[in-house]
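Biologist: I'd like a close look at one part of this model, one helix in particular. Could you walk me through it and set it against the rest of the chain?

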Amino acid sequence: MSSSYVYYEDDFQPKGPSLFRRMLDLFMFAVAVHAFFFQFIALSVSCLWVSYLIYKALKTNDKEKQVDLLCASIVFNMVYFVEFLAWWILRFIPLYYELKILMFIWLLHPKTRGASLIFNNFITPAFDSVSKRVDYSSAKMDKLISPYLESSATAIQDKYEQAKNSSVEVKPDPNALLEKADALLAETAKKISFAFIALPTTDSVHQPGVSHQAW
C-alpha cells in the first residue's frame, strides 16, 4: 500500500531565521554596542583626559601633579599590556568595562591617588629588580647598533651630496635617493640581526668592571 503526499509551493520557499536566532542576534549586537561605548569612555579617560591633565600640569609647572600623572601614565601602560595578554579571559568578566572605568577614576582621583600607590608598592620594586640587567643589555645593544646606524646615515648623506654636487645639472631624484636609503637600511638591519647573536648572557651583568649605562 503506497502513501501519497501532496507537495505545496510553500514547502519549497526559504524560511527566515527563527525567533530565537533573531533574539540572539539582537543580544550580540547590544553586547557589541555596550562594549564599544564603555571602551571608548575608558580610552577617553586614560588617554585624552590624562593627556589634558599633563598639559595643564606642565603649563602651571605643578611638580607634584606632574609626578602623579607620570605615575598614572606608567600604570595605564601596565594595565593595557596586561589587558592585551589576558584579553581572552577578561572579556568574559561581567561588567568588565564599567569596573575598568571605576578603576581609572580611582587611579586618577586626587583624594585616592591610586596610581601613585600602585607605582610605589608594585611597579617600582619590580623595575628595581631588573634595572641592572635592562641597563646592561641596552648599553650593549646601543654599542652594537650605533656604528651601523651612523655608517648608514653617513652613506645616505654622501649619496645625497654626490647627487647634489654632480656636474650634470639634473635635479636629484627623491625616489632614487629613497630606494638607496631603503637598501642601506635593509643591509643595516641584516647586520644588526647578526650582531644580536654576539650579545652576552645576562649572567655577565654582575661581572666587576662592567659599566651599566642605559640608552
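Modeller: Here is a look at helix H4, with the whole chain as a backdrop. Keep in mind that this is a predicted model. The protein chain has 6 helices and 0 strands, so the pattern along the sequence is simply α-α-α-α-α-α. Of its 215 residues, 19% count as buried. Among contacts with a separation of 6 or more, 71% are between residues 24 or more positions apart.

Now to H4 itself, which covers residues 96–108. With 13 residues at 1.5 Å a residue, H4 should span 18 Å, and its end C-alpha atoms are indeed 18 Å apart, so the two values agree. As for what is tucked away, the buried residues of H4 are Tyr 96, Tyr 97, Glu 98, Lys 100, Ile 101, Phe 104, Leu 107 and Leu 108. That list has charged names in it as well as nonpolar ones, Glu 98 and Lys 100 being among the buried residues. For reading the spacing, remember that an α-helix has 3.6 residues a turn, so residues three or four places apart point the same way. Ile 101, Phe 104 and Leu 108 are all on the buried list.

For contrast, look at helix H1, residues 19–60, where Val 33 lies. Val 33 has 41% relative accessibility, so it counts as partly exposed, the range for that label being 20% to 50%. Val 33 also belongs to a nonpolar surface patch with Leu 19, Met 23, Leu 26 and Phe 29, and together they have about 550 Å² of accessible area. Over the whole chain, about 16900 Å² is exposed, with 66% of that supplied by carbon and sulfur atoms.

Notes
Residues numbered from 1 in each chain as written. Predicted model: local features only at pLDDT ≥ 70, side-chain atom pairs only at ≥ 80, totals over all residues. Heavy atoms only, no water. Helix = DSSP H or I, 4+ residues; strand = E, 2+ residues; numbered from the N terminus. Buried < 20%, exposed > 50% of the residue type's maximum accessible area, 1.4 Å probe, protein only. Contact = heavy atoms within 4.5 Å. Areas by Shrake-Rupley, 256 points an atom, 1.4 Å probe, with all protein chains shown as cover. Patch = residues over 30% accessible without salt bridge, like charges linked within 9 Å, V, L, I, M, F, W, Y side chains within 5 Å. Salt bridge = Lys/Arg side-chain N within 4 Å of Asp/Glu carboxyl O. Expected span 1.5 Å × (residues − 1).
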